[in-house]
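Here are a few exercises to work through with the model open in your viewer. Try each one before you read the solution.

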Amino acid sequence: MIEIRQLHKHYDTAQGRVQVLKGIDLEVQAGSITAVVGPSGAGKSTLSHCISLLEKPSSGQILVDGKDLSILSGKALRAERRAIGTIFQNSALLRRMTVAENVALPLRNLGVVHHEMEHRVAELLERVGLADRANSYPGELSGGQRQRVGIARALALRPRLLLSDEATSGLDPEATAQILELLASLRTDLGLAIILITHEMDVVRHIADRVAQLDGGRIAEYGELRALVANPESVTGSKLLPLHPDLVPAGYDFALTVAYRGTQIDPSWISKLGSEYGATVALLGGSVEAHQEGTLGRVEIGLSGIGEARAIEVLDGWGLHATAHSQALRTDKINGETRIEVTV
Ligand SMILES: Nc1ncnc2c1ncn2[C@@H]1O[C@H](COP(=O)(O)OP(=O)(O)OP(=O)(O)O)[C@@H](O)[C@H]1O
Ligand SMILES: [Mg+2]
């Protein structure tokens with residue numbers, strides 16, 4: 001398990017001290033993926049550099065299976081740093097070396113004997129699906145393939161944490177999907193703890209178990225992906241599955257935001273509101289999609305023929321968390337027309 005405790009990082013510049021990380025607490029269990037998201041300048045890359053110990057935190061701890069790496073230096077740091085494998089946006093391969101030589105580099109630096117090294121490199125390339133490209137040069141590979149070589153190299157020293165800093169940024173959707181599938185298999189098969197730093201919400205939704213929203217050097221929100229999406233008040237949840245609230249159509253009494261909370265939601269719940277409770281339902285917007293642990297969804301519906309409290313209660317019984325639209329949006333009907341006011 002990886003624990004980050006009260007991590008602070010500042011830089012002293014000509015303009016004075018810049019406090020970038022202001023007390024980050026994060027815990028990543030073996031066999032789980034935590035995504036770190038946040039706006040540009042939030043401190044994501046700084047956090048990544050501190051976790052991989054490329055930079056020394058100003059204060060705080062980075063514990064790998066209980067051992068604090070942040071206080072080490074020199075030889076001890078180099079030895080313990082093996083517990084953390086890092087993959088970068090541009091895979092950072094050496095152009096004049098073959099794929100196999102690139103993957104072998106960390107092993108060579110460690111003085112692993114030749115035949116063991118060959119065996120391990122073959123195993124790693126097999127793992128990332130590139131056994132047949134061992135003798136190619138990075139320039140002969142696609143971006144996605146290069147990234148997989150980078151993953152093989154990061155795995156060479158059997159890390160317990162894999163840290164990915166924007167590893168899928170700039171890849172096309174198919175290559176991204178392959179990398180995500182690979183990361184998910186590493187989590188499950190090798191029991192790796194994975195920290196995924198990314199600005200791509202699609203990536204987070206498909207693969208993360210937990211999500212930390214970094215803002216201004218602090219963790220603004222942190223929790224299980226499912227819980228964040230199912231919480232209508234969660235800012236991160238609404239970024240993961242955005243809603244575009246529409247007007248309450250004329251003829252409907254009120255609107256609800258419905259978040260899928262349970263894992264087994266009857267997909268015909270909308271028609272059941274009609275057939276079992278006599279409601280008329282307008283689907284106003286939303287996203288529903290399959291996820292590893294059941295369906296994720298957030299939708300907006302307009303309703304009539306049923307009371308608001310009753311509708312919320314019925315939906316709750318079906319594993320759907322409904323909240324009145326009116327908390328954030330007030331609708332007024334004037335001459336059959338709908339006017340909408342957004343209060344912030
Ligand atoms: N070496 C440094 N010296 C001074 N300030 C720095 C240094 N490195 C980063 N910063 C500042 O720290 C803040 C966070 O930078 P960081 O690169 O961690 O953001 P980020 O979340 O990765 O952003 P992006 O999404 O754009 O990559 C920025 O305001 C940046 O200017
Ligand atoms: Mg960055």
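Let's call a residue buried when its relative accessible area is under 20%, exposed when over 50%, and partly exposed in between, using a 1.4 Å probe and protein chains only. By that yardstick, buried residues make up 49% of the 344 residues in the chain. This is a predicted model, so local features need pLDDT of at least 70 and side-chain atom pairs count only at pLDDT 80 or more, while totals for chains, interfaces and linings use all residues. Residues are numbered from 1 along each chain as its sequence is written, chains are lettered from A and ligands numbered from 1 in the order in which they are written, and side-chain values use heavy atoms, with hydrogens and water left out.

**Exercise 1. Find the residues that touch the most other members of the largest nonpolar core, and the helix that gives the most to this core.**

Step 1: set the rule. A nonpolar core is a set of buried Ala, Val, Leu, Ile, Met, Phe, Trp, Tyr and Cys residues joined through side-chain atoms within 4.5 Å.

Step 2: look for the hubs. The largest core has 37 residues, and Val-121, Leu-125, Ile-151, Leu-162, Leu-183, Leu-186 and Ile-207 touch the most other members.

Step 3: assign elements, taking helices (H or I, at least four residues) and strands (E, at least two) as DSSP runs numbered from the N terminus. At least two residues each come from α3 (99-110), α4 (114-127), α5 (143-155), α6 (173-190), β8 (193-197) and α7 (201-207). The top contributor is α6, with 7 residues.

Step 4: check for another core. There is a second, separate one of 28 residues, with Leu-26, Val-36, Ile-51 and Leu-53 among them.

**Exercise 2. Work out how α3 and α4 pack, and which residues make the contact.**

Step 1: get the geometry. Axes are lines fitted to C-alpha atoms, for helices over the stretch in contact, and angles run from 0 to 180 degrees between N-to-C directions. Here the angle is about 125 degrees and the axes are 9 Å apart.

Step 2: classify. Angles under 35 degrees count as roughly parallel, over 145 as roughly antiparallel, 65 to 115 as roughly perpendicular and the rest as oblique. So α3 is oblique to α4.

Step 3: list the contact (heavy atoms within 4.5 Å). From α3 come Val-99, Ala-100, Val-103, Ala-104, Leu-107 and Arg-108, and from α4 Met-117, Arg-120, Val-121, Leu-124 and Leu-125.

**Exercise 3. Now do α5 and α6: at what angle do they cross, and which residues touch?**

Step 1: the axes come within 9 Å and cross at roughly 20 degrees. That is why α5 and α6 are roughly parallel to each other.

Step 2: α5 brings Gly-144, Gln-147, Arg-148, Ile-151 and Leu-155, while α6 brings Ala-175, Gln-178, Ile-179, Leu-182, Leu-183 and Leu-186.

Step 3: zoom in on Leu-186. Beyond its neighbours within four places in sequence, Leu-186 contacts Arg-127, Ile-151, Leu-155, Leu-162, Gly-191 and Leu-192.

**Exercise 4. Is Ser-32 buried or exposed, and what does Ser-32 touch?**

Step 1: locate Ser-32 in the loop between β2 (16-28) and β3 (33-37).

Step 2: its relative accessible area is 12%, so Ser-32 is buried.

Step 3: skip residues up to four places away in sequence, and Ser-32 touches Arg-187, Leu-192, Ala-193, Ile-194 and Asp-209.
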